[in-house]
Each structure stands twice: as structure tokens, then as C-alpha cells.
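Student: Could you take me through one part of this model up close, starting from a single strand and working outwards? I'd like the cut-offs spelled out as you go.

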Amino acid sequence: MSARILVVDDVETNVRLLEAKLTIEYYDVATCRDGATAIEIARAEQPDLILLDVMMPVMDGFETCRRLKDDPVTRHIPVVLVTALDGREDRIRGLEAGADDFLSKPLDDVILMARVRSLTRLKIMIDELREREESVRRIGIGDAGIERLRGTGGRIVIVDDNDEQAANIVAELSKNHRPVHLGTMDSDLSSSINGVDLLIINAAT
């Protein structure tokens, strides 16, 4: 089954353009025009990725992202802020809101698809880990037992030259596993992956 992506933008032309590009790549695309509706759809449909425009009326992308990341039901969904803003302060504000990545307008199709592939794969992996934890809870270990298991999970190496994205991945995986971040493939990868249970490589690295 293809990944489901939610596109949020108050400009219809932008929505239709992104929808067309993603549909051609066989992604299942949902769309909406405002932050409040985006939150409702995210809670109900659990998309694999949200492409969220920053400059929207009433509730902008920063606030929408913050609310998504504050909600336990949606905080695991990767959010990419799509913006014409490229200042350092805007990036910091986005990171503080919990954004997983940024795309700058006008969109570069190669970068767009690389980011989408990377983050949807991450979401699928996180879903599998969450399902495994829920299965452990169902068989009776309980929350206390799960807490004892935290940190004893698999050893995971993340190869990604995007430090912001890698930091978000490490933070999420650290709840149950032992992630290690390598900035580039130039590192001594062979020695770093001895005994590794999972290797995650950003295709754009």
C-alpha cells in the first residue's frame, strides 16, 4: 500500500500542483486549506507525512505544527514545513514547533521526492516499532515492564547529512532503541555497523 500524504495550503494552485506531483509517484494524497482541518484529518486518518505550508491565515503552519506535535495521537507523524521564508529565525521557530524538515519555495522536485521517500520510510518504521510495543503491552508486560525494556532495543545507525532531520529521528528512536548518527557515508561505515540491527540511510546524503 502506498504512503498517504496530507498536503495543507490555503492556495488552491499550490495544493493542486503538489497533489499532481505526488499522485504521479503513486502516493495517496489528501488535501485541505487550513490548519484546523489539517489537525482533524491527521487525527482521524493518520497520514504517513504532512506537507504543511507556513503562510496561512488564522492558524499558520508554525502553530499547526506545534499542535500536531503536542498531541500524542499525531506527534509521531512527520511534518515538513513548506515555506518561502529562509531566514535563520524562521528555521529556529519551525524546529521549536517540532518540524521534521523544511522545503523552500519554489519547490525542487528532486529534493521534494527525496524528502518524501525518506520521511515516509521513517514513518513506516516508527509505526512498526509502535505496533511491536503495543503487542508487548497486550501480552501483559504492562507499562512498567515496557519502561524496563526501554534502552535495551536494537542498535540503529542513521546516515544523514541533514543534522536537523537526524536529530528528530534519533530523539524518536531513543525512546526504545540505541540510535547512532553518522553525518556522511565517508565515515568508517564498516566498523560502525558491526552488530547493527537496522541501518537507515538518507537517499539524498
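Tutor: Let's start with β1, which pairs in the parallel sense with strand β2 (residues 28-32) over 5 bridges. Pairing here needs at least two DSSP bridges between the strands, and the elements are themselves DSSP runs numbered from the N terminus: helices are H or I with at least four residues, strands are E with at least two. Before going further, keep in mind that this is a predicted model: local features need pLDDT of at least 70, side-chain atom pairs count only at pLDDT 80 or more, while totals for chains, interfaces and linings use all residues. Numbering runs from 1 along each chain as its sequence is written, and side-chain values use heavy atoms, with hydrogens and water left out.

Back to β1. I5 has V29 as its bridge partner in β2, and L49 as its bridge partner in β3. The β1 and β3 strands run parallel, joined by 4 bridges. Put α1 between β1 and β2 and you get a right-handed β-α-β unit; right-handed means that, with the strands pointing away from the viewer, the path from the first strand over the helix to the second runs clockwise. As for exposure, 4 of the 5 residues of β1 are buried, so the strand is largely enclosed by the rest of the structure. Buried means under 20% relative accessible area, exposed over 50%, and partly exposed in between, using a 1.4 Å probe and protein chains only.

I5 also turns up in the largest nonpolar core, a set of 25 residues where I5, L22, L51 and L173 have the most contacts inside it. Two or more residues each come from β1 (4-8), α1 (12-24), β3 (49-53), β4 (79-83), α5 (109-138), β6 (155-159) and α7 (163-173). The top contributor is α5, with 8 residues. A nonpolar core, by the way, is a set of buried Ala, Val, Leu, Ile, Met, Phe, Trp, Tyr and Cys residues joined through side-chain atoms within 4.5 Å.

L173 is a handy way out of that core: leaving aside residues up to four places away in sequence, L173 touches M125, L129, I156, I158, P179 and I200, where contact means heavy atoms within 4.5 Å. Another core lies apart from the largest one; this one has 22 residues, including A42, V54, A97 and F102.

Following L173's contact I156 takes us to an open sheet of 3 strands, ordered β7-β6-β8 with parallel pairing. Its edges are β7 (178-182) and β8 (198-201), each pairing on one side only. On average, neighbouring strands there are turned by 20° against each other, direction ignored. The β6 and β7 strands are joined by 5 bridges, and I156 has P179 as its partner in β7. Across β6, β7 and β8 lies α7, running at about 170° to β7; axes are lines fitted to C-alpha atoms, for helices over the stretch in contact, with angles from 0 to 180 degrees between N-to-C directions.

One last stop is β4, another contributor to the largest core. Over 4 bridges, β4 pairs in the parallel sense with strand β5 (residues 101-104), where V82 has L103 as its bridge partner. With helix α4 (residues 88-97), those two strands make a right-handed β-α-β unit.
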